[in-house]
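Student: Could you take me through one part of this model closely, saying where it sits, how its backbone is set and what surrounds it?

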Amino acid sequence: MSKQVIDLAFGLSICGVDELPVRIKRFKPTHLISVSDPVDTPLHFPSAIEVLRLAFWDVHSLSGLVSQMVSHEERHHYPVPDHAESILAFGRNIPASGRLLIHCWAGVSRSTAAAMLVICQQHPGHEQSAFKLVKALRPQADPNRLLVKYGDRLLKAKGRMLAALDADDPPESTGHQ
C-alpha cells in the first residue's frame, strides 16, 4: 500500500454540473473536462478556458445483456477507449501553471474517473495514492470503472488502477474540496 502524497503539476478540482458556476468563479480554471450525457445540450464556458467535451452515459460495464443490446452505432454513447485516450491527451497538454476543473452530472463517477486517469498519467505506479487524492478532492467519488479500466490499459498500469478502487482499506477523506 502506497502512503505517498501526490503533488500534481497543476491545480485540480472536481464538481457536479450544479456547482459549475461557483466553481468556475472561485477556482478560475484554465482547462476544463466537461462530461455530459449524450442527450444534454452542450454547456457554454468562458472562451479563455480550454475545454474537452465528452458525452457518454455513466455505464460501468459493457458486457453481457447490456453489450448485446447496444448497437455498433450507439457504442460511442458509452465509455470507450477513445474517451480515455482523449482525457489522457488533454491531460498531457496542461501546463504547470494550469488549473484543471473536471465535471460531470453529479461529480461522482465520470469526472472522478477522468481525474484518476490524469493523476495516474502523471504518477505511474502510485494508483492508490491517486485514488486517495481523488477522494480527498471529492469524498463521494465512485469512479466509473469502465473508464478507469480503459485508462489502466492505455497507461499499462496492469490492473493497479482498478485495484486501487477495490482496496480493502477505503481511502480516508481529508475534507478538502
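Tutor: Lysine 28 is found in the loop between H1 and S2, that is, between the helix spanning 20–27 and the strand spanning 31–36. The model is a predicted one, and what follows should be read in that light. In its backbone, lysine 28 has a positive phi of about 55°, although it is not a glycine. This deserves a remark because most residues other than glycine have a negative phi. As for its surroundings, lysine 28 counts as exposed because its relative accessibility is 56%, and the cut-off for that word is over 50%. Lysine 28 also belongs to a positive surface patch, which is formed together with Lys25, Arg26 and Arg99.

A second lysine invites comparison with this one. Lysine 158 likewise has a positive phi of about 55° without being a glycine, and its place is in the loop between helix H6 (145–154) and H7. With a relative accessible area of 75%, lysine 158 is therefore exposed.

Helix H7, which covers residues 160–165, leads on to another part of the model, since H7 is included, along with strand S1 (11–16) and helix H4 (110–122), in what covers the buried residues of H5. Helix H5 runs over residues 127–137 and is mostly covered, with 10 of its 11 residues buried; among them are Phe131, Leu133, Val134 and Leu137, but also the charged residues Glu127 and Lys135. Lys135 in H5 is thus listed as buried, whereas lysine 28 counts as exposed.

Methods: Residues numbered from 1 in each chain as written. Predicted model: local features only at pLDDT ≥ 70, side-chain atom pairs only at ≥ 80, totals over all residues. Heavy atoms only, no water. Patch = residues over 30% accessible without salt bridge, like charges linked within 9 Å, V, L, I, M, F, W, Y side chains within 5 Å. Areas by Shrake-Rupley, 256 points an atom, 1.4 Å probe, with all protein chains shown as cover. Salt bridge = Lys/Arg side-chain N within 4 Å of Asp/Glu carboxyl O. Charge placed at Lys NZ, Arg CZ, Asp CG, Glu CD. Helix = DSSP H or I, 4+ residues; strand = E, 2+ residues; numbered from the N terminus. Buried < 20%, exposed > 50% of the residue type's maximum accessible area, 1.4 Å probe, protein only. Contact = heavy atoms within 4.5 Å.
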